[in-house]
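Student: Could you walk me through this one with me looking at it? I'd like to begin with the ligand and then move on to the rings.

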Amino acid sequence: MGQMLPLHRKRQKRSSLNIGSVSLEGGGTRGSRPFFLPYRGRKMITLLDYGAGNVRSVINAIEKLGETVKVASRPEDVANAEKLVFPGVGSFGNMMHILKGKNYIDPLKAFLDSGKPFLGICLGMQALFETSEEAPGVEGLGLFKGCVKRFRIGKSVPHIGWNGINIKKPSRILTGAAGTEKFYFVHSYYIDPEETDVILTTTDYDIEFVSSVQKGSITATQFHPEKSGRPGLELLKNFIGTAGQTSMPPSSHTKTDLAKRIIACLDVRANDQGDLVVTKGDQYDVREQGAVRNLGRPVELAGRYYAEGADEITFLNITGFRDFPLEDMPMLQVLEETSKTVFVPLTIGGGIRDYVDRGGRKYTALEVAAEYFRSGADKISIGSDAVLIAERYLKVGKKEGQSAIEQISRVYGNQAVVISIDPRRIYVISPEDTSHPVVETSIPGPDGEKYCWYQCTIKGGREGRDIDATTLARVCEELGAGEILLNCIDRDGTNAGFDIELVNAVKRAVSIPVIASSGAGCVEHFLEVFEKTEAEAALAAGIFHRREIPIAEVKAYLDEQAVVVRR
Ligand code: 1PR
């Protein structure tokens, strides 16, 4: 677990596909003012990477601010650091196990005692506490008294998305902040400090939990500044620099709300000319007059959506089910390039499963995922393989611990594993006509059928399987998935609105967040999905690619209708 997988050392071959060049300032400018000027003469930032996740984004964010990052590869690097950033990823037990195994514990404790600047992010903050419910019996660094607890709340867990902060004391790290910004969170556990004077901010998600702490030169946040767009980069800038006084931002929430996320999705594949393009299907058919629809270049489009306010960007390699994603690596390049300039979460899907290459070398899904995380992905999404995994689980009747879902979630955490479901409606006259759970539908079938079940498909909708979407979602949650990306073949590309009945059926089956996808055609469709379902996010592709409705307009409309969004 958490081992440095050998694959990345072998990555020399670059893609022969043209991914398009980029020069992006997405999110990096407001008006004409470039807000990230290089910080000269600063002390180099040391980043502790214990090899279990996406630290690329933190490095990219710091480099975007003009600073140089040295990645600690030995305990001495931590001991000699001037400023240390510790982005934790994965699980508490795994993290402490690796830190111990690599002899980082003592130098880390010494650094924390030294009075030199330290920034812990997410698990890197939880590590500072004594214990965690995530790994009973495993000792944390114990700098702060208190423990890390699991959310036991009436809302979906993990807590994923953009939420605000209630600021509890003055600090330098929030210099320049208005106090009303939202930051990106993704976690199932939260800290419970015994000493209340260390609390810098709290956040509300059914309960009020501590979302950052500060003591002397030590700052640590549950949210991810490197994934929080402009306010996150401002916070990192304050950590890196020395400017700014200890002060309170002009305003602060008294109670915060998790925003409904608007996600832009880029279905990516090679066209007949060998260019990697963003395409878009109508009910998964991406060809128009025989040619693959070309709606733009992946990196450029991702940059545009970041600048326009997308809360998250999803790339789906739609031919991943038949190609080996690591043989020719265009998607890895797309991720690497995108994550240099796009500071919101990136999800990548397509082809995440075990492989045997032409030379007979075996690759596990975990290795494929590891390569994506190293290239800048925050979450991976599993489509076809999840269906086969669930079918096997139902057949065997127990967890075997070997599936892609189990392996990847064990190393990278549940929140990093998204299940992309591609269902289509199968109409029946009565519930007795099928063994699958049915929905009584307000949209009758072609022969007036009043019931339907949602059949899962694999290979981009080409093959229907004998399992329904609600069962798939439930089983995948049990195996360790942290989120569901719920497509709908019937609605994909139709502009007819989300399939509300489908979203409700799946949402009822799971306690993890659900992203409603497919069919968005106007701003009212986003309102409908948030009013009529409990979906945490809505994803769209066609309307954004074709510039029919900008993301900002969707958000402005939702805001007017009192739906909480990040603006
Ligand atoms: O099966 O693990 O290799 O993953 C393949 C992934 O590629 C799956 O997540 C699957 O959903 C996706 N995929 C495969 N073939 C297609 C296709 O279109 N031919 N795209 C495809 C799925 C659906 C959505 C789309 C929304 C919103 N795309 O992601 O973006 O439906 O569209 P809209 O707003 O225009 O209606 P694996």
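Tutor: Keeping in mind that this is a predicted model, we can begin at Ala541, where a polar backbone atom lies 2.9 Å from an oxygen atom of the ligand. Taken alone the ligand exposes 760 Å², and the protein buries 99% of that area.

Student: How many residues surround the ligand, and which are the closest?

Tutor: The ligand is surrounded by 25 residues, and the closest are Lys280, Ser384, Ser420, Asp422 and Asp492.

Student: And what does the ligand oxygen contact at Gly493 and at Ser518?

Tutor: At Gly493 the partner is a polar backbone atom, 2.8 Å from an oxygen atom of the ligand. At Ser518 the partner is an N or O atom in the side chain, and the distance to an oxygen atom of the ligand is 2.6 Å.

Student: OK, switching to rings. How many aromatic pairs are there?

Tutor: The count comes to 15 aromatic pairs. One of them joins Phe151 and Phe209 in an edge-to-face arrangement, with 5.3 Å centre to centre and 85° between the planes.

Student: Where do Phe151 and Phe209 sit in the chain?

Tutor: Phe151 is in the loop between strand E8 (146-150) and strand E9 (159-164), whereas Phe209 belongs to strand E14 (residues 207-215), so the pair links distant parts of the chain, 58 residues apart.

Student: Are those two buried or exposed?

Tutor: Phe151 has a relative accessible area of 3% and Phe209 has 1% relative accessibility, so both count as buried, the cut-off being under 20%.

Student: Which cluster do they belong to?

Tutor: Ring pairs link Phe151 and Phe209 with Phe183, Phe185, Tyr190, Tyr205 and Phe223 into a cluster.

Student: What about Tyr306 and Phe343, how are they arranged?

Tutor: Tyr306 and Phe343 also form an edge-to-face aromatic pair, with 6.4 Å centre to centre and 75° between the planes. Because Tyr306 lies in helix H7 (residues 298-308) and Phe343 in the loop between helix H8 (330-341) and strand E21 (346-349), the pair ties together parts that are 37 residues apart in sequence. Tyr306 is buried, at a relative accessible area of 6%, and Phe343 is buried as well, at 2%.

Student: Last topic, charges over rings: which ring does Lys83 lie over, and which one does Arg361 sit over?

Tutor: Lys83 lies over the face of Phe239, at 5.8 Å from the ring centre, while the charged end of Arg361 sits over the ring of Tyr363, 4.1 Å from its centre.

Conventions: Residues are numbered from 1 along each chain as its sequence is written. This is a predicted model: local features need pLDDT of at least 70, side-chain atom pairs count only at pLDDT 80 or more; totals for chains, interfaces and linings use all residues. Side-chain values use heavy atoms; hydrogens and water are left out. Rings of Phe, Tyr and Trp (its six-membered ring) pair if their centres lie within 6.5 Å; planes under 30 degrees apart count as stacked, over 60 as edge-to-face and the rest as tilted. Helices (H or I, at least four residues) and strands (E, at least two) are DSSP runs, numbered from the N terminus. Buried means under 20% relative accessible area, exposed over 50%, partly exposed in between (1.4 Å probe, protein chains only). A charge sits over a ring if NZ of Lys or CZ of Arg is within 6 Å of the ring centre and within 35 degrees of the ring normal. A residue is near a molecule or strand if one of its heavy atoms lies within 4 Å of it. A polar contact is a pair of N or O atoms within 3.5 Å; within protein, one must be able to donate a hydrogen and the other to accept it, and residues adjacent in sequence count only if both atoms are side-chain atoms. Accessible areas come from the Shrake-Rupley method with a 1.4 Å probe; for residues, only the protein chains shown count as cover.
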